[in-house]
Amino acid sequence: MSRNKSVPGIRRGVVELALLGLLADDPRYGQQIVDELAEHPALALTSGTVYPLVSRLLKDGLIASTWQESPAGPPRKVYHLTDAGIERLSDLTAAWRLVRDGVDQILKEKR
Amino acid sequence: MNTHARHDSPASADLRAVAEDVDLLLELDARNHDDGRSPEPVRGTGTVLGMPYDLRRPTAERLKATWWDPASEKVLVPRAVGAGWAVNFGALAVKLGVIEPDAEDVPFAATPDAAFRAAAVGPAVLAAAVLAHYAVRGRSLPETLPNHWNLVGEVDGTVSRPVAAVIDIVTATTGAGLALCGGLSTSHGGRRAGLLASGTAAAAAAAMTTVGRVAAQGRAPWFGPSFLTGLGAAVGTSLLGLARAGRRAEQCRDLG
């Protein structure tokens with residue numbers, strides 16, 4: 001899937017949506033976010049992309065962080081959605097679904 | 001396919017709706033550039049033959065952002081002032097495993113005042129050492145001292161002993177002064193860290209140069225790498241200490 005040359009541009013535009021969507025289920029720590037996004041090849045990101053995005057979302061007040069004790073080692077910083085983040089996720093999800101359905105419809109009509 | 005239906009289909013209205021939603025996602029695209037920089041070139045910056053340059057007046061905040069960005073994977077980044085590259089000590093610290101990329105929500109925002117004041121001690125000690133060196137040994141030093149070394153470590157510029165003393169003492173005390181400003185300032189953490197890092201760099205450079213004027217009077221290929229390593233170690237250690245103090249403060253806040 002990632003051999004499609006158009007994927008990188010589209011991927012960047014929806015990374016925020018994917019990250020907010022991940023946090024909607026459960027809070028996660030940074031490396032966990034990187035690892036879970038890496039499970040989707042089209043979204044595969046390095047920590048060098050995820051952490052700056054996390055910083056920006058923190059600054060924008062869409063997510064918040066808390067240090068928590070870890071059973072497996074030193075404390076870890078865990079991220080969760082704020083009320084503003086929940087609202088943003090809802091808006092982005094609606095926009096994404098409209099875009100997806102609209103493009104699918106256009107492609108179907110082209111055949 | 002029903003061609004008639006295609007002409008009469010609400011595809012135009014659909015496309016407008018899609019375009020509005022694409023705008024939303026494109027806005028995210030523009031904001032999610034990998035390096036967090038604005039897509040528009042900033043006045044006074046650019047590249048020449050692949051080398052980046054920044055001609056803007058340096059600020060403590062920009063120096064801090066260049067030298068400490070653990071969220072980025074890039075160890076070499078464009079310099080905050082001048083041409084060439086600088087070391088992102090934050091990325092280096094992450095690669096060495098001594099700090100996490102997200103150790104602090106905002107670098108140095110939670111770092112306590114005591115940590116900033118403690119970080120100002122190092123440059124003060126270096127400045128005192130430079131002063132003591134010229135006060136105690138000044139008269140026994142040669143009349144001319146090395147002032148510049150070429151790429152292979154040969155001395156290719158000298159100055160008189162008094163001029164060397166003035167250069168080193170002024171540089172060292174200026175560095176200590178900047179660091180003191182950072183230590184005692186009440187402004188936000190990023191600016192304070194920038195002042196401390198700049199002051200540490202100046203004081204360390206003066207101290208290393210003072211050593212070099214005495215120890216590297218002949219051909220000394222070791223001096224250049226030692227100078228850069230010492231400078232980097234001083235600045236990196238100062239910033240790492242501040243960042244770890246900030247992380248500890250956040251952990252105390254959340255874990256009690």
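This report describes the two domains of chain B, the annotated spans of that chain, and a salt bridge between chains.

The model is predicted, so that local features need pLDDT of at least 70 and side-chain atom pairs count only at pLDDT 80 or more, while totals for chains, interfaces and linings use all residues. Residues are numbered from 1 along each chain as its sequence is written, chains are lettered from A and ligands numbered from 1 in the order in which they are written, and side-chain values use heavy atoms, with hydrogens and water left out.

**Domains of chain B**

Chain B is assigned domain 1 (45–95) and domain 2 (113–255), with bounds that come from an automatic or database domain assignment. Taken over C-alpha atoms, the centres of domain 1 of chain B and domain 2 of chain B are 19 Å apart. Contact, meaning heavy atoms within 4.5 Å, links eight residues of domain 1 of chain B to 15 residues of domain 2 of chain B. The two domains of chain B bury about 840 Å² between them, 84% of it from carbon and sulfur atoms; buried area is the accessible area (1.4 Å probe) that two parts lose on being put together, summed over both. On the side of domain 1 of chain B, Trp67(B), Trp68(B) and Phe89(B) lose the most area to domain 2 of chain B, together 53% of what that side buries.

Across this interface the rule finds zero salt bridges, a salt bridge being a side-chain nitrogen of Lys or Arg within 4 Å of a carboxyl oxygen of Asp or Glu. Helix 3 (60–67) and helix 4 (89–95) of chain B are the elements that give two or more residues to the side of domain 1 of chain B that touches domain 2 of chain B, and helix 3 of chain B gives the most, with five residues. Helices (H or I, at least four residues) and strands (E, at least two) are DSSP runs, numbered from the N terminus.

**Annotated spans**

In the unreviewed UniProt entry, "domain: DUF1648" covers residues 127–166 of chain B, and "transmembrane region" covers spans including 163–181 and 222–243 of chain B; such annotations may be inferred rather than shown by experiment.

| Span of chain B | Helix | Strand | Distance between end C-alpha atoms |
|---|---|---|---|
| Residues 127–166 | 42% | 30% | 12 Å |
| Residues 163–181 | 100% | 0% | 27 Å |
| Residues 222–243 | 95% | 0% | 31 Å |

**Salt bridges**

Over all chains, a search of the whole structure finds 16 salt bridges. In one of them, the closest N and O atoms of Lys77(A) and Asp105(B) are 2.8 Å apart. Lys77(A) lies in strand 3 (residues 73–81) of chain A and Asp105(B) in the loop between helix 4 and helix 5 (113–119) of chain B, so this pair joins two chains.
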